[in-house]
Amino acid sequence: LHLNSASPTLTNCTIRHNYTHGINCNGNSFPTVSNCTFTGNGGDAVHGVPAMALPGFTNNTASANGTNIARVTVGTVNGALAIGSAQMLGGAVVFDTTVGIAAGASLTIGAGTVVKMVSGGQQITVDGTLVTTGTAGSPVVITGFADDSAGGDTNTNGASNSGPTAWRGIVFTPTSTACDLAWADVRYGGNGYVSNLHLNSASPTLTNCTIRNNYTHGMNCNGNSSPTVTNCTFTGSNGYAVAGLRLQDVPGFTNNHASGNGGNYLEVVAANVTAPLAIGSESAMEGALVLRTGIAVAASGQLTLRQGVVVKFDGAHQVTVDGTLRVLGTGFEPVVFTGFADDDFGGDTNNNGPSSSGPTAWRGVVVNATATAGAFEHTRIRWTGSGYLPGLTCNSPLVALRSVRVDGAYDRGLVLGDCAAADNLVAFQCGGIGIHLTGGGHHVRHATATACGTGIRREVAWTGFVVNSISRGNGTNFANFGTGTQVLASNGGFAGSNGNLDVDPLFVAAASGDLHLQPGSPCLGAADLLNGFVTGEDHDQNSRVLDHALSGVSLPDMGAFELGVWTMDVVGTARPGETLFYTLNGPPGDSLWAVGFLDGTLPVVPYGMLLVGAIPGESILLLLPFTVPVGVPMVLPIPNDDDLIGLRVGLQTLTVPAGNPTVGNLTRMHVPLVRP
C-alpha cells in the first residue's frame with residue numbers, strides 16, 4: 001500500500017510479502033489503520049509515518065517483516081498529539097527522526113508505551129509540552145532502538161541491549177511549559193554530550209521517574225532551570241546524577257535517589273542567595289549537596305539550612321554572609337559543612353572508596369558585620385583553611401552561635417569578632433587557634449578546645465568571659481589572658497582562682513575526637529550553676545545541669561558535653577505514615593515522655609532542664625499518660641497527613657531509676673522534623 005499524501009482507512013486487513021514495506025506513507029499521509037496484520041514484508045511493516053499520524057494506527061500486529069515496526073520519519077508535533085500502547089508495533093513506537101514539539105503543541109505518552117529512537121543523532125526537542133502518564137506497573141519507556149529489555153527485539157537483530165549514546169536525549173527549551181513526566185524511564189542517551197534530560201532554562205516536573213545509563217549526566221540544568229523532581233531514581237550514568245543546578249533550585253528536588261553514576265549527587269554550580277531560601281535534607285541526594293562554587297548570602301538574602309543537611313565543597317570555596325543565614329541543626333541531626341572527600345558525613349560522595357578529607361579541602365564560613373539576625377545551631381564545620389581562612393569567622397553582633405564545632409582547620413577554628421551568643425563551642429585539631437576572641441562583649445560558655453595549636457586566645461578588644469569551659473591538651477591552653485580574670489569555672493589554666501582547674505579532663509577518646517567526659521572526670525559538676533542554667537542544653541542537645549551521680553544534687557559539667565545517666569537511641573525518619581522508635585539505654589528505670597514545642601528551657605530540680613514546652617502559658621507540653629521501661633522502645637507513629645509536613649517539635653524524657661523517683665535525669669532531646 002503506497003500512499004502519496006493519501007489517507008485511506010484499513011480495518012482487519014492483512015498486508016504481506018512485499019519486496020519492500022507493507023505500507024509506505026509518503027508526503028502528508030494520515031491513514032486510519034486498525035486491527036491489521038503485517039507479515040513477510042522485506043522492509044518495515046509501516047514506513048514513513050508522520051508523528052501526527054500515529055493516532056490513526058491502533059492495535060495492529062507485525063511478524064516476519066524486515067522490521068516489525070511503524071517507522072516514524074517526520075517528527076514534527078504541531079498540535080495536541082496523544083500516543084499510547086495501542087500505537088506500538090513490534091513492541092514500540094519507533095522514531096527514526098528528531099522529534100520536535102513546537103511551542104504551543106503537546107505530546108502526551110500514555111502508560112505502558114515504549115518509545116525507541118533509532119539513531120544516535122536524534123533527540124526529542126520540547127518547545128511546547130511533553131507529558132507522560134505512566135504508572136508503577138506500566139511506566140513509559142524512552143530508549144534506544146537496540147534495547148531489547150523494553151518492548152523486545154524491535155530491531156530484529158537477535159538478543160542485544162542498548163548503551164549510552166544510542167540517542168541524544170530530551171531537550172527542554174525556554175519556551176517549554178507544563179511538562180509533566182510521571183513514571184517515565186528514560187535510558188541510554190548521551191550522544192553529542194546531551195543528558196537524558198537536558199534543560200535549557202526550563203522547569204519540567206518529574207515524579208517517580210527513572211533516569212539511567214547516559215553517556216554524560218542524568219539531568220543537566222542549564223541557565224535558569226527550576227525543575228520539580230520527586231521520588232525519582234538516577235542510575236548508571238557516566239556523569240553526575242544531576243548537574244548544573246543553582247542553589248535556589250535545590251528545594252525542587254525531594255526524596256530522590258542515585259546509584260552507579262559517576263557522581264551520585266546534585267551538583268550546584270551557582271549559589272547567590274538574594275531572596276528567602278530554605279533547604280532540607282530531603283533535597284540532598286544520597287546524603288549530601290555538592291557545591292562547586294561558594295555560597296554568597298546577599299544583604300537581601302535569607303538562607304535557612306534545616307537539620308540533617310550536609311554541604312560538601314569541591315574546591316577552594318567559602319560561605320560569605322552579608323544577609324541572614326539560619327543553620328538549624330539538632331543534636332541528632334547537625335548541619336555539616338565539609339570537604340568533598342569527607343566520608344564521615346553524607347557517605348562516600350566522591351565514589352573513591354573509604355577515605356577522609358583533610359585541612360584546606362575548602363576555605364570556610366565568613367559572617368560579615370552587616371549580617372542580620374541569624375544563627376548557627378548544632379553545626380559541624382570540617383577541614384577548612386584553604387587560603388588560611390578560619391573555619392568560622394563571625395563579626396555580627398546579631399548572629400548566635402550555639403553548639404558549633406570546627407574540626408581539622410588548617411589554621412584557626414572559630415574567630416569571633418562579635419556575636420549574639422557563643423555557647424557549647426568545640427574546636428578540635430585546629431592547626432592554629434581553636435577559639436580566637438578578637439572583639440565584642442559576648443561570653444563563651446561551655447566551650448571545649450583540644451588538640452589545637454592554641455586552645456583559646458583573647459585580644460584586648462574582647463571584653464567578655466570564658467565560663468564553664470575546657471581548654472586542655474593544646475600547645476597553649478589559654479593565650480593572652482593575663483592573670484586569668486576573664487576565665488571562670490574552667491579547666492586548662494589559672495587553677496585555684498575563680499573556680500578554675502588545670503587537670504586532665506578525661507575525655508572519652510581525645511585522639512579520635514570523642515570529647516564527652518568519662519564518669520570519673522574532675523570536670524563533672526564543677527561548672528558555675530547560673531551559667532549552666534543560662535546555657536540550658538549541651539552540644540548534643542542533652543539537658544544541662546544534670547545529676548550524673550543520682551545523688552539528688554544537679555550541677556553543670558565543664559565543657560560542651562554534659563554527662564547523663566541514660567542515653568537515647570532513635571530509629572526512623574519523621575514522615576507522614578511512618579513510625580519513630582525511641583529507646584533509653586542505661587540502668588533499669590522508667591521514663592515519662594514529654595512532647596512539646598521548642599520555645600524555652602525550664603529548670604526542674606533535681607532532674608535537669610526541661611527543653612520542650614518549657615514556657616508556661618506560651619507553649620504546648622504533652623506528657624504521655626504512661627511510663628516506658630528503660631530498654632523498651634517507645635513507638636511514635638506519624639499520622640499519614642501531609643498537613644503535618646514542616647512540623648518541628650521536641651521529645652524528651654524524665655527518667656528515674658527503678659524504685660526511686662526522687663532522683664533522675666531529664667535526658668537528651670530529639671527534634672523530629674516532619675519531612676515530605
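Q: Which residues does Ser162 touch, not counting residues up to four places away in sequence?

A: In this predicted model, Ser162 touches Gly144, Ala146, Asp147 and Tyr188 once residues up to four places away in sequence are left out. The place of Ser162 is in the loop between strand S19 (140–144) and strand S20 (170–172).

Q: Is Ser162 buried or exposed, and how is that read?

A: The reading rests on relative accessible area, where a value under 20% means buried. Ser162 has 15% relative accessibility and therefore counts as buried.

Q: Which strands does S20 lead to, and in which sense do they pair?

A: S20 pairs with strand S23 (residues 197–200) in the parallel sense, over 3 bridges, and within this pairing Phe172 stands opposite Leu199 in S23. S23 in turn pairs with strand S26 (residues 219–222), again in the parallel sense, over 4 bridges, and the bridge partner of Leu197 in S26 is Met219.

Q: Where is Ala243, and what does it touch beyond its neighbours in sequence?

A: Ala243 lies in strand S29 (residues 240–246). Leaving aside residues up to four places away in sequence, Ala243 touches His217, Met219, Asn220, Cys221 and Glu267. Of these, Met219 is 24 residues from Ala243 along the chain, while their C-alpha atoms are separated by 6.2 Å. Ala243 has a relative accessible area of 2%, and so it is buried.

Q: How is the order of strands read in the open sheet of 3 strands?

A: The general idea for a regular strand is that the side chains alternate between the two faces of the sheet. In this structure, the open sheet of 3 strands has the order S2-S5-S8, with parallel pairing. Its edge strands are strand S2 (9–11) and strand S8 (57–58), each of which pairs on one side only. S2 is joined to strand S5 (residues 32–34) by 3 bridges, and the two run parallel; Leu10, for its part, has Val33 in S5 as its bridge partner.

Q: How many cavities of 30 Å³ or more does the structure hold?

A: Rolling a probe the size of a water molecule over the atoms shows where empty space is left. Here the structure holds 2 cavities of 30 Å³ or more. The largest cavity has a volume of about 40 Å³, and the second largest cavity has a volume of about 30 Å³.

Q: Which residues line the largest cavity, and how do they divide by class?

A: The lining of the largest cavity is made up of Phe57, Asn60, Ala70, Ala86, Gln87, Met88 and Leu89. By class, this lining divides into 5 nonpolar and 2 polar residues, with no charged residue.

Q: Which residues line the second largest cavity?

A: The second largest cavity is lined by Leu247, Ile279, Leu289, Leu291, Ile295, Leu303, Leu305 and Val311. The elements that give two or more residues to this lining are strand S35 (289–291) and strand S37 (302–306). The lining has 8 nonpolar residues, with no polar and no charged ones.

Q: Where should one look for backbone geometry that departs from the general pattern?

A: Most residues other than glycine have a negative phi, and most peptide bonds are trans. In this structure the peptide bond from Val605 to Pro606 is cis, with omega near 5 degrees, and Pro606 is found in the loop between strand S62 (602–604) and strand S63 (608–610). A positive phi, near 75 degrees, is found at Thr360, whose place is in the loop between strand S41 (335–339) and strand S42 (364–367). Thr360 counts as partly exposed, at 37% relative accessibility. Phe494 also has a positive phi, near 60 degrees, and is found in the loop between strand S56 (487–488) and strand S57 (507–509); at 23% relative accessibility, Phe494 counts as partly exposed.

Q: Which aromatic cluster does Phe494 belong to, and how many aromatic pairs are there?

A: Phe494 forms one aromatic cluster with Trp462, Phe478 and Phe481, and the count of aromatic pairs in the structure comes to 9. The rings of Phe478 and Phe481 have their centres 5.5 Å apart and their planes at 90 degrees, so this pair is edge-to-face.

Q: Are Phe478 and Phe481 buried or exposed?

A: Phe478 is buried, with a relative accessible area of 11%, and Phe481 counts as buried at 4% relative accessibility.

Key: Residues are numbered from 1 along each chain as its sequence is written. This is a predicted model: local features need pLDDT of at least 70, side-chain atom pairs count only at pLDDT 80 or more; totals for chains, interfaces and linings use all residues. Side-chain values use heavy atoms; hydrogens and water are left out. On a 1 Å grid over the protein atoms alone, a cavity is a set of points where a 1.4 Å probe fits but cannot get out, and a pocket is an open set with protein on both sides within 12 Å along at least five of seven lines; lining residues have an atom within 4 Å of a point. Grid points are joined across faces, edges and corners, and a volume is the space filled by probe spheres set on the points. Ala, Val, Leu, Ile, Met, Phe, Trp, Tyr, Cys and Pro count as nonpolar, Asp, Glu, Lys and Arg as charged, and the others, Gly among them, as polar. Two strands pair if DSSP finds at least two bridges between them. Buried means under 20% relative accessible area, exposed over 50%, partly exposed in between (1.4 Å probe, protein chains only). Contact means heavy atoms within 4.5 Å. Rings of Phe, Tyr and Trp (its six-membered ring) pair if their centres lie within 6.5 Å; planes under 30 degrees apart count as stacked, over 60 as edge-to-face and the rest as tilted.
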